[in-house]
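The following exercises are to be worked with the sequence and the coordinates at hand. Each task is followed by a solution in steps.

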Amino acid sequence: MNPTDIKNPEYFHKVVDCQYACPAHTPVPEYIRLIAAGRYDDAYMVNWESNVFPGILGRTCDRPCEPACRRGRIAKGEEPVAICRLKRVAADNKADISARLPQIPAQKNGKRIALIGAGPASLTVARDLMPLGYDIDIYDNQFAGGGMMRSQIPSFRLPASVLDEEVGYILDMGVVTQFNTEVTSLKSVLDKDYDAVFVGTGAPRGKGLNLPGLEEAGKQVHIGIDWLASVAFEHTTAIGRRVLVLGGGNTAMDCCRTSRRLGGEDVRVVVRSPFADMKASPWEKEDAMHEGIPIYDNHVPKEFVVEDGKLKGMHFEKVEAHYDENGKRSLVPTGEDLVFMEADDVLMAIGQDNAFPWVERDLGIEFDNWDMPVVDKATFQSTNPRVFFGGDAAFGPENVITAVAHGHQAAISIDLFCKAEPVSNRPAPMTNLLSQKMGIHEWSYDNQIENDKRFVVPMAPLEETLRNRKLEVELGFDVGTGFKEAERCLNCDVQTVFDTPRCIECDACVDICPTDCISFVENAEETELRTRLSATAGNLAQDLYVSTELPTRRVMVKDENVCLHCGLCAERCPTSAWDMQKFLYSVTKAGQ
Amino acid sequence: MSYQLPKFRHPDLPVNTLGYTRADYEGAISTLCAGCGHDSISGAIVRACHELALEPHRIAKLSGIGCSSKAPTYFLGKSHGFNSVHGRMPSVVSGANMANRDLLYLGVSGDGDTASIGMGQFAHAVRRNLNMVYIVMNNGCYGLTKGQDSATADAGSASKKGDPNPFSAIDLPGLALQLGATFVARSFSGDKGQLVPLIKAAISHRGFALIDVISPCVTFNNNPGSTKSYDFVREHAEATGTVDFVPMREEITASYPAGRTQDVTLHDGSVLHLEKLAPDLDPFDRVSAMVALQKHSAEGQILTGLIYMDKDSRDLHDVMETSRRPLNSLTEEDLCPGDKVLANINASLR
């Protein structure tokens, strides 16, 4: 293998599994250390700079970081660091941070931007562009900002106060809000001579199932996200005693748990796929089951059963999942009798679609075969250079943190576009690599590896939370538990940096490494090299760090997979060929 | 400074026939200097014991005084240990071995502990062919007292703060050969590929097995001008050949090219596979071994690998025809079988 180019910022970035997996590339270990140090304001601001909604995401994020977390694979039964809930610790314990928010220039730059939709993507664009002097108008059909975070995420998961606070930080920068305003024509917005328009209208159309009996069942069958919005805006305050929720995603989980709070006693989730294949995050499934909601998997809805013009229930066909050699799944009926389940109400949460009936097709915006706008994956620009898309509106339903990442990139593009620079000029990330050496064998990070298992977030008593739709279920870690959970972090951003000329090949690092990451071997092609190491490097998703050739014609090879970042290699190195260096990677934002 | 090893190990560590991973053979975290060759030897001992699937409680590790003799704390944390008096480890092993022949005795010593204060003890353990592995962690200096030349420092070699050594060196393998040792090897802490099979072979050998391991002292004796530095040893080491050790339980699966190879079956049924032997050395001939050692030394080379082995070695218990059962397990009934037995013995002598 060729020697690893550690000057390429993506090499060490990839070692920081959590940050690499995060769509917004939030520097996770950095803020976890700040939480451990009790510096909650600083931890909050590191988050805020990167993901804009630390308090909201600390409760609701899909947390792609956690499955990626190295802690989860260093031993059987070991779980990832509770990164998401630690973020909430920073948000819960911070003092007033308003003085640390960016200054908004009194002298504007003369450019006007329209944001359509006031969800996470648009708010992120506003957050990045307001400090640069842009005039921004934001349009939304709801009465306040937040988009789906307000209409679809129930209050028992995300209290309105948290949402209002973090949406407020942005709107208070001087964004001109046009709430309760449904934009029905993009042309009308473009006609207002904005310098650029950003579309962040989400994926607002819930899918339905057109099964026999639907028409007769009429009002007792609801589209999940519409129903959640109606509950959030207090148009709906009750539901029947027996509720069937169709679908296996997070919206289904929100629907069933909300139903339990609005009078549903026998609430069931019914899903076509096997339990393990459900789209909902494992923790959301657990939370639903904790509230006494059974999940019936492998049940395909067949028809609504209506008697005397009233919904009685639904028929389901039982199926089995079969997988072909490519892993493609087919659901094969078992041939058993149809299963009947009683229901007073049915909520359909089987997915959502984008919908752009309000975008005229003669504005120079190309649409593809799926009736989605053609949007550049890096710049978020549509084929009309003045119109940008982001969030679920760009490429279909994702999640809040992805919308934030889109917003940052779209803001860069809009800024470049308004300065008449090519939007393809993407700024390089900001990186910094700094030795953590304080003295002989002393490091400025806590290199001791804690043995604690992942801590469980405490919850409010079930009987209370089921009585009050707005009472938050999770209480969050207290400061003490937050500290302990933070200490589980392995500090994967503190990199093991190898300096070949200093190495005397004494093997001290090989001998001390608790997880057998380091080997000195003859070089070979990657597949062969992976088998030559002290421990076979079987995780192909993790890179090998290969040095230049040593005097004995061998190379140092480090398998990054289960490195604990404990620093013992550097402590046992007599010549400081190994050093522990903190790698900070931050995605450059508009105007930086 | 870390005083504890993290508890986590590689999740796919191989498990030996006893169900143990290498981690089960580790000891406390080392307090020796960073880069000390001794730590590498500890690592090699851990690997050898794990690969041989030895039960940790069947091993006794014994040492004298010195950096080397601290080392047993850093491996085999679940085995018996005895950190004895300076240079007196062989006596303690002799006593222990006489009392309980069922344990595996692993003596760890240094150049000072062996070639100076313990020289007399060493000599007699060798000539009695005491069944033990005797590893010398040889750095040519007194590291624990700031690096003075030891008795194994080569003439002309200079340590970091010292003048060239005016005295001639004691060559432990040469000495052991002369004293009648039945297994003599030399290796280098920086070459685990060679050291691990040698340790395994020494463990399987019945009788006194000496491995003189050159182990650079990074703090006091790893400078230009020293003949025990990493660089010097790498440049001047000459291997007698490669050694591969196949434990008794395993089938020989590797195929070796024909030519200068030789398989030796050890006392416990294990097989030692020697390859690419130096043309001027027959490791089963004491005279040839002595000549080869002297010759390489005269040429400024350090001969490493298996130097000599007596395939028909008889250890101290064999020679003394002691009880097969360990003496410490014999009861009063066994030792004083009573008047009737005495009468029989007396009768047999009449």
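**Exercise 1. Establish what confidence the predictor assigns to chain B and to the model as a whole.**

Solution. The model is a predicted one. Chain B has a mean pLDDT of 91, and 95% of its residues reach 70 or more. For the model, the scores are ipTM 0.89 and pTM 0.90.

**Exercise 2. Characterise the overall fold of chain A, and decide how its radius of gyration relates to the globule rule.**

Solution. Step 1: the secondary structure of chain A consists of 22 helices and 24 strands. Step 2: the globule rule gives 25 Å for 592 residues, and the radius of gyration of chain A, 26 Å, is close to this value, so chain A is as compact as a globular protein of that length. Step 3: the C-alpha trace of chain A spans about 85 × 65 × 45 Å along its principal axes. Step 4: of the 592 residues in chain A, 49% are buried. Step 5: among contacts in chain A with a separation of 6 or more, 71% join residues 24 or more positions apart.

**Exercise 3. Describe the domains assigned to chain A and the contact between them.**

Solution. Step 1: the domain assignment places 101-204 + 354-418 in domain 1 of chain A and 206-349 in domain 2. Step 2: taken over C-alpha atoms, the centres of the two domains are separated by 32 Å. Step 3: six residues of domain 1 of chain A are in contact with nine residues of domain 2 of chain A. Step 4: the domain 1 side of this contact has three nonpolar, two polar and one charged residues.

**Exercise 4. Determine how the buried residues of H13(A) are arranged, and what they pack against.**

Solution. Step 1: in helix H13 (residues 224-232) of chain A, the buried residues are A:Gly224, A:Ile225, A:Trp227, A:Leu228, A:Val231 and A:Ala232. Step 2: viewed down the axis of H13(A), these residues fall within an arc of 160°, and therefore line one face of the helix. Step 3: their packing partners in chain A include helix H9 (148-151), helix H14 (250-261) and strand S14 (345-348). Step 4: just after H13(A), A:Glu234 takes a positive phi of about 65°.

**Exercise 5. State how many residues of H8(A) are buried, and identify their packing partners.**

Solution. Step 1: helix H8 (residues 120-129) of chain A is mostly covered, with ten of its ten residues buried. Step 2: the buried residues of H8(A) include the charged A:Arg127 and A:Asp128. Step 3: they pack against several elements of chain A, among them strand S1 (112-116), strand S2 (135-139), helix H10 (160-171) and helix H17 (400-418).

**Exercise 6. Analyse the side of chain A that touches chain B, and locate A:Ala508 with respect to chain B.**

Solution. Step 1: the interface brings 30 residues of chain A into contact with 23 residues of chain B. Step 2: on the chain A side, the elements giving two or more residues are helix H20 (508-512) and helix H22 (568-572). Step 3: H22(A) provides the largest share, three residues. Step 4: by class, the chain A side has 14 nonpolar, eight polar and eight charged residues.

Step 5: A:Ala508 is placed in helix H20 of chain A. A:Ala508 counts as buried because it has 30 C-beta neighbours inside 10 Å, the cut-off being 20 or more. Step 6: leaving aside neighbours within four places in sequence, A:Ala508 is in contact with B:Ala34, B:Gly35 and B:Asp39, and also with A:Arg572, A:Cys573 and A:Pro574. Step 7: A:Ala508 and A:Ala570 are 62 residues apart along the chain, and 9.3 Å separate their C-alpha atoms.

Conventions. Residues are numbered from 1 along each chain as its sequence is written. Chains are lettered from A and ligands numbered from 1 in the order in which they are written. This is a predicted model: local features need pLDDT of at least 70, side-chain atom pairs count only at pLDDT 80 or more; totals for chains, interfaces and linings use all residues. A residue is buried if 20 or more other C-beta atoms lie within 10 Å of its own, exposed if 12 or fewer, and partly exposed in between; C-beta atoms are placed from the backbone. Helices (H or I, at least four residues) and strands (E, at least two) are DSSP runs, numbered from the N terminus. The arc is that of the directions from the helix axis to the C-beta atoms. Two residues are in contact if their C-beta atoms, placed from the backbone, lie within 7 Å. Domain bounds come from an automatic or database domain assignment. The radius of gyration is taken over C-alpha atoms; the globule rule is 2.2 Å times the number of residues to the power 0.38. pLDDT is the predictor's confidence in each residue, from 0 to 100.
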